[in-house]
Amino acid sequence: MGTVPKKRVMVFGDSHVAAVQDAFGDYSPRNAELEISVHARARKTEDGGTAGDTPQAEFFAAIRDLDPADIIISMTRGNFHNFVSLVQHPVPFDFQMPGEDCPEGEATLIPFKVLEGSFEIGLRRDLRMMVRIKEGSKAAVFQLAPPPPKGNLDLIRQYPGPFKKLGLLQHGLSAPSLRVKVWRLYNLMLKRLCDEVGVIFVPVPDGCQGEDGCLKLEYYAPDATHANGAYGRLLLEQIEGIASGDTNKIGA
Amino acid sequence: MTDHPYKSLPDKAFWRRSVAAPHMADVDPVGVFELQLTREKKVATAGSCFAQHIARHLKSSGFQYYVAEPGHAIVPEQIRTEHGYGLFSARYGNIYTARQLLQLIDRAYGRFMPEEGAWVDADGSVRDPFRPTVQPGNFISVAEMEGDRAQHLAAVREMFETLDVFVFTLGLTECWRSRADGAVFPLCPGVSGGEFDADKYEFYNQTADDVTADMSAFIEKLRAVNPAAEVVLTVSPVPLMATAEPGAQVLSATTYSKAVLRVAAETLRQRHTGVHYFPSFEVITGAYNRGQYYADDLRNVVEDGVEHVMRLFLRHAAGEDAASAEVDAKADDTSEDDFLAKSAALVEAECDEILLDQSAES
């Protein structure tokens, strides 16, 4: 009798995949039938350097060989919501989410449909990559939600990095409540587009958010937008659950 | 030969010399038009569909097309345009009648608060009865609509108080109004939102006296908050889509409507200083062009016609041709939010950095 081939799980993404890579070295899957690999898309950076470890062409060549029982976990892009709301805009804005109260206050109210249209433009750019992955393989494709925003503004300010260079410190950071709302809208739109192209959207792991919806402190990477290896471990457990057929780990 | 008054008149006073004989593109029906437009003057627009063309050409000709309600800068230009921002100087949609304009300024300053509530579609989405098509997909709640309306009316106030020139295109005399308080609607309830109820709404066709009185009242209220404001009136050459006047035929109803508006415009010009009439209606409808400025539906105006109007408008108001003015066309066309671009660069930079750190460690 030959050995049963392992179920292959390929995780591929951009900056958010770093959390998974951090956790992956020490991670032992409970399910021995899984063969998990983690890849960060290689690309040139603005300063002429390189980032990531897997050229896109190499990844696409690899997923062509996957079987229908294998799975691809996409963590591509996932920062559009930060473009929109990480730094306080000079003209503060707010919006109403469907089924929730309409905000009151001084901030400019952007009608939901206007913001929805704006997000769709941004997300459709991100979606192209997802469609290429979906069309390039027989494996099922899952798209992970990006980590929730960070609520501790002092900790974010400790790592000004590019903030300072770009002269945006004077504007400050948006309120965590707005950033969480924008992130929720992003996920709402992302799920809708995933449904459109046959990709399965996966929300963030249980227990990673505080009561305010922000990422819990223990999952902070030392920057403004990314999560750490502990969060990466939550993702790996979630990924393993998905690969083992635990549909509770998948967003409805 | 005896002398008589016609002997000393310029060519433009004679049909053959100024209408029948010239090349179509050279016909210029402008009579008295004393507006002096400079590139520094803020020009606001409102009115029927044709006013959108004026707004578009002013913008592309380097003049200061004034948009008091541009939409939040974080929203891409394409989406703002799709959602009615920038089509006119504020997001009021089409203002077809003089009564609608008068009620707009009164609503903006809290002098008139119509009883009409929000219009709720079958899918639960919400429309503003006074601009029912301005928000594609509608508002998601009454509170959102009311919040957006409050912002809109604040922008309208700002526009009226700070504009230099207000270009208003008179479009229609026919409208529908609330029996409760006389509030007029841009569209008949039930056409795009709302529900028609003959007990609640009635047809109203304005007379020349009505239009003149409404516009005079509007001009007084505008001057009360902006004494130096100049007003340019035009009459839309776009015919009625349909008439609700009992027994009327639509072409005849159009002729009545446009005649009323044209009479009112001339009366207003003569009565008020700083009020000008520009004959875009004559440029488009004049027999000299043999109908060539209308599209196949005999309603919509083709681009050649709009260009003819705007060429004359800029020549008479600013002393230059639109073509030469296009040098500075990009002046007000910067839509990209610099903040958003910087923020995107920031986040991208951070993403690169973390990956670089990681690859250095591995």
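## Two paired strands

Let's start with one pair of neighbours in this predicted model. Strand 8 (residues 140–144) of chain A lies alongside strand 9 of chain A, and the two pair in the parallel sense over three bridges. Within this pairing, A:L144 stands opposite A:V202 in strand 9 of chain A.

Helix 7 (residues 176–197) of chain A packs on the sheet here, touching both strand 8 and strand 9 of chain A. The direction of helix 7 makes about 155° with that of strand 9 of chain A.

## The whole sheet

Now for the wider view. Strands 8 and 9 belong to an open sheet of five strands in chain A, with the order 2-1-5-8-9 and parallel pairing. At the edges sit strand 2 (34–40) and strand 9 (200–202) of chain A, each of which pairs on one side only. On average, neighbouring strands of this sheet are turned by 20° against each other, direction ignored.

Another helix that packs on the sheet is helix 2 (residues 56–64) of chain A, which touches strand 1 (7–13) and strand 5 (71–75) of chain A. The direction of helix 2 makes about 155° with that of strand 1 of chain A.

## Where two helices meet

Helix 2 of chain A also has a helical partner: its axis and that of helix 4 (residues 112–135) of chain A come within 9 Å and cross at roughly 35°. Which residues meet here? From helix 2 of chain A come A:Q56, A:F59, A:F60 and A:I63, while helix 4 of chain A brings A:M129, A:R132 and A:I133. The residues of this contact divide into five nonpolar, one polar and one charged.

Notes: Residues numbered from 1 in each chain as written. Chains lettered and ligands numbered in written order. Predicted model: local features only at pLDDT ≥ 70, side-chain atom pairs only at ≥ 80, totals over all residues. Heavy atoms only, no water. Pairing = 2+ DSSP bridges. Helix = DSSP H or I, 4+ residues; strand = E, 2+ residues; numbered from the N terminus. Axes fitted to C-alpha atoms, helices over the stretch in contact; angles between N-to-C directions. Contact = heavy atoms within 4.5 Å. Nonpolar A, V, L, I, M, F, W, Y, C, P; charged D, E, K, R; others polar.
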